[in-house]
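Please read the following report alongside the sequence and the three-dimensional view. It moves from the whole chain to one sheet, and then to selected helices and loops.

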Amino acid sequence: MLINSCILTNFILIMKRELFDFLNTDLQFIKGVGPVLASRFNDVLGGRRVLDFMLHTPAYIRARGITENVASALPGDVITIPLLIKSHKQGGTFRGHRRPTQIICADKMGNTVVLQFFNVNFLDYWLKKLPIGAWRMVSGKLERATRPTINHPDFIEEMQNADKIPSIQAIYPAGEGLTQKTFANVRDQIFNILPDKIAGEPDDNTREFFDALRHVHYPESADDLYPNSTYMVKLAYWELLAHQTAIVISRRARADVRNRRTVRPKKYDLMGKFYAVLPFSMTGAQTRTLREIFDDMSRDVPMMRLVQGDVGSGKTIVALAAAVKMTESGAQTALLAPTDTLAQQHYAKIKPMCDEMGIVCDILTGRDKGASRREKLVSLRSGRTKIVVGTHALFSDDVEYKDLGLVIVDEQHRFGVSQREALRAKGPNPDLLALSATPIPRTLSMTIYGDMDVSIINEKPAGRLPIITTKLPVARINELVARLQVQINNGAKVFWVCPLVDESDVSDLTAVNARYDALRKIFPHAGLVHGQMDKKQRDVVMAQFADDNSDMKILVATTVIEVGIDVPRATIIVIENAERFGLAALHQLRGRVGRGNLQSYCILLYGRNISEDGLKRLDVLTETDDGFAIAEQDLIMRGTGELLGTRQSGWINYHFVDYVRHRDLFKLAASAARDMVEFDTWSRDLMFIFDRGVTIGA
């Protein structure tokens, strides 16, 4: 019986390994993808595995209703219609103007419909695809100028293959170089392979989980993608269970006597020097937070503390004080920042103060190569460098610390549990101090960050003036630009934020490229940054804008500036289509100004079709700059909300969880995790699936 049991256990593990090997497969090995498309998927999904794709679910559906009479459809409708090909009109260039290729068709009622293609010199292709006298089933967005037109149809099929055109099309959040057809092709291949990988799977939970994922990737109606739909609720619960289980494991591990550590004795007296070089007095909230941190650091249980502070509340100085306190014991501190730019800015602030105190401080990022990098690694390994600031490079395999005592993670919600743990593994049970500039409602802090103790800095440093926030209709944009000219001439620097990178046929939102082109005619030295730019190029532009001696006085950007750029001379921020952003995002963006002692301004430009909720959000911003009050309002009004149709939490990387609609699930998942005496295979599988720091078989 024992032998049979072992054989069964090994068989189950082999099946499980085969399934998870498939989930870990690089997308480039999916037919039709390859390394180039896999790289583009990585930019959108945040990874390039099959699992990353499966967790990237559709944002909405597009119904493709079949009609036989184009006269019954309205401009803007997405239609599927049988058309008879009547004639071709070749495109090309005439007197410098590009002319499209046109295919003249007729529907079953004899109405003319034009199919229009702007990729010229493809007449032979379209002659073959759309031969005169043949019927084709065509699907696309209907436009009307002088006659009904479909530009670049989404689907063209022979009549016998008309069923290949989906009546309900799932639309995925996409990126440059990725079409909806590409998403559908990859999805179909993955879900065609999946049944073989879970065939005979003994765990009902596993089969139910992937069945729920299938229903979300193949929605039958818009309701299937709502947070309260049957399958979305299931997936949200499992995701929360994964997170809460990881929290319980973390807390139990910290409490385990086997993980207790020897408290480091004090070797040097540095805190007196720290307060002496501090150019200002700490606020009461900063002092209280430091007391809590120092108390944690004096215990034999590693610290796990989250410091929440509004934009500009002085979290960096608190972090430096903790690092100096650790240096008193002779141990090292690593400060992890999410971007190269933010790491450079932290280093620029910290280094001069460390020099005055006689503490060796260094920076390590992906920029460091060759001899320079080797020299820094030697200094870390020897223990000479006591404080190091950097990006993910800090937990590279070749980075060794002599005695890493404290890990500080800035903008901690941007790092997964596994990334944090990879850095903590570099030392003997080091303390962890996480910083977050995204205020979280108190009602959610314990369920989201249940593995951490929480400190709140709710005071601004003395001398900081409140940011004057006003809302303005887009119709007054010319008046606004004229006022900006005056301010810039007087030395001001300006951020101008847009919601999109490029103009879209399905959206009336302002694109950053179009706004940049318009503003550059007035401000020739304007800068441009967005998420699709090369990261190094983006960092160069941001650094140029931050330079007081630069001619660049206005920076046009997307939300890439939400975190990671500190320009004290910037005193004005314009947020275009502000009604389409959530309160938390607007508050973070507003925090890009008001970082010095000059009066700063935030102008919320709103569109003509602003909703009542949109107007209410802008009113909240104009009435208060208290990030915690704003977070509570954001939670009440829209939960995690959706920014331009893409799910995003801003607090933690959840795929399926909505903070308002799934509030009860938080409690259920937390209760279920706490009640587990031992963590079964399924709970550990979930932690692997949702990247909560525990791998299969751990």
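The report below begins with the origin of the model and its overall figures.

This is a predicted model, in which local features need pLDDT of at least 70 and side-chain atom pairs count only at pLDDT 80 or more, while totals for chains, interfaces and linings use all residues. Residues are numbered from 1 along each chain as its sequence is written, and side-chain values use heavy atoms, with hydrogens and water left out.

**Overall figures**

The protein has 22 helices and 26 strands, these being DSSP runs numbered from the N terminus (helices are H or I with at least four residues, strands are E with at least two). Of its 698 residues, 53% are buried, where buried means under 20% relative accessible area, exposed means over 50%, and partly exposed lies in between (1.4 Å probe, protein chains only). The exposed surface amounts to about 31,700 Å², and carbon and sulfur atoms supply 50% of it; the areas come from the Shrake-Rupley method with a 1.4 Å probe. Among contacts (heavy atoms within 4.5 Å) with a separation of 6 or more, 72% are between residues 24 or more positions apart.

**The parallel sheet**

An open sheet is formed by 7 strands in the order β14-β15-β13-β16-β17-β12-β18, with parallel pairing. Because β14 (361-364) and β18 (453-457) each have a single partner strand, they stand at the edges, and one side of each is left without a neighbour in the sheet. Neighbouring strands of this sheet are turned by 20° against each other on average, direction ignored. Helix α9 (residues 284-297) packs on the sheet, where it touches β12 (304-309), β17 (431-436) and β18, and its direction makes about 160° with that of β18; axes here are lines fitted to C-alpha atoms, for helices over the stretch in contact, and angles run from 0 to 180 degrees between N-to-C directions.

Strand β16 (residues 404-409) is mostly covered, with 6 of its 6 residues buried. The table lists parallel pairings in this sheet; two strands pair if DSSP finds at least two bridges between them.

| Strands | Bridges | One bridge or facing pair |
|---|---|---|
| β14 and β15 (residues 387-390) | 4 bridges | Asp362 and Val388 |
| β13 (residues 332-336) and β16 | 5 bridges | Thr333 and Leu406 |
| β16 and β17 | 4 bridges | Val407 and Leu432 |

**Two helices**

For helix α21 (residues 663-675), the 13 residues should span 18 Å at 1.5 Å a residue, and the end C-alpha atoms are 19 Å apart, which agrees; the expected span is 1.5 Å times one less than the number of residues. The buried residues of α21 are Leu665, Phe666, Ala669, Ala670 and Ala673. They cover an arc of only 130° around the axis and therefore lie on the same side of α21, the arc being that of the directions from the helix axis to the C-beta atoms. On the other side of α21, Asp664, Lys667, Leu668, Arg674 and Asp675 are exposed.

Helix α18 (residues 583-590) has 7 of its 8 residues buried, so it is largely enclosed by the rest of the structure. The buried residues of α18 include His587, Gln588 and Arg590.

**Two loop asparagines**

Asn429, in the loop between α13 (417-424) and β17, has a positive phi of about 50° although it is not a glycine, and its 29% relative accessibility makes it partly exposed. Asn577, in the loop between β23 (570-576) and α18, has a positive phi near 55°, and at 9% relative accessibility Asn577 counts as buried.
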